[in-house]
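I am opening a notebook on a structure that is new to me, and I want to write down what I look up, one entry at a time.

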Amino acid sequence: MAKNKTEKTNQDAMEFIQSLTDEKKRADSLKLVEIMSELTGEKPYMYGPTIVGFGNYHYKYESGHEGDAPIAGFSPRKAAFSIYLGNFPGRKEMMKDLGKHKEAVACLYVNKLADINLPVLKKIIKACIAHTKKTYPS
């Protein structure tokens, strides 16, 4: 079985965020840390070189592939924030009230937090966390 390319690292998440040269991206990252810490009850850690993760869960697919991943996380990419969300019941409906964003199967892309409705983002993240915990109980 292939090993996961992205894993938890010893890099300090807050140092990573403070190293961001874009002041607005840094401020939005700090706000996401606040939100995700509140919702998960966990401190941020680095998952790979650019993903800030919170909490952890172990998954195992029918194919036999398994690994560990953050229960919530984001990456302050150059073009947009990648906010990592699984697919959960009601997601599509919740996204309608979020504001300006793009989606992929497991990601939400947001240019800046000012473009979206933060209370809706919190509801989406909370629903994702609940679904992940139900799907992959520890």
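**Strand 5 and its surroundings**

I began with strand 5 in this predicted model, and I found it mostly covered, since five of its five residues are buried.

I then asked which residues of strand 5 lie on one side and which on the other. Ala72, Phe74 and Pro76 are on one side, Gly73 and Ser75 are on the other, and all of these are buried, so that both faces of the strand are covered. I noted beside this that side chains in a regular strand alternate between the two faces of the sheet.

Next I looked up the partners of strand 5. Strand 2, residues 51–54, is joined to strand 5 by three bridges, and the two run antiparallel; in this pairing I found Val52 opposite Phe74. Strand 6 is joined to strand 5 by four bridges, again in an antiparallel arrangement, and here Gly73 stands opposite Tyr84. I also recorded that strand 5 and strand 6 form a hairpin, with four residues between them.

**Helix 4**

I turned to helix 4 and asked what its buried residues pack against. The buried residues are Val120, Leu121, Ile124, Ile125, Cys128, Ile129 and Thr132, and among the elements they pack against are strand 5 (72–76), strand 6 (81–84) and helix 2 (23–40). The others I listed are strand 3 (57–60), helix 3 (91–95) and strand 8 (107–110).

Last, I checked the length of helix 4: at 1.5 Å a residue, its 18 residues (118–135) should span 26 Å, and the C-alpha atoms at its ends are 25 Å apart, which agrees.

How values were computed. Residues are numbered from 1 along each chain as its sequence is written. This is a predicted model: local features need pLDDT of at least 70, side-chain atom pairs count only at pLDDT 80 or more; totals for chains, interfaces and linings use all residues. Side-chain values use heavy atoms; hydrogens and water are left out. The expected span of a helix is 1.5 Å times one less than its number of residues. Buried means under 20% relative accessible area, exposed over 50%, partly exposed in between (1.4 Å probe, protein chains only). Contact means heavy atoms within 4.5 Å. Two strands pair if DSSP finds at least two bridges between them.
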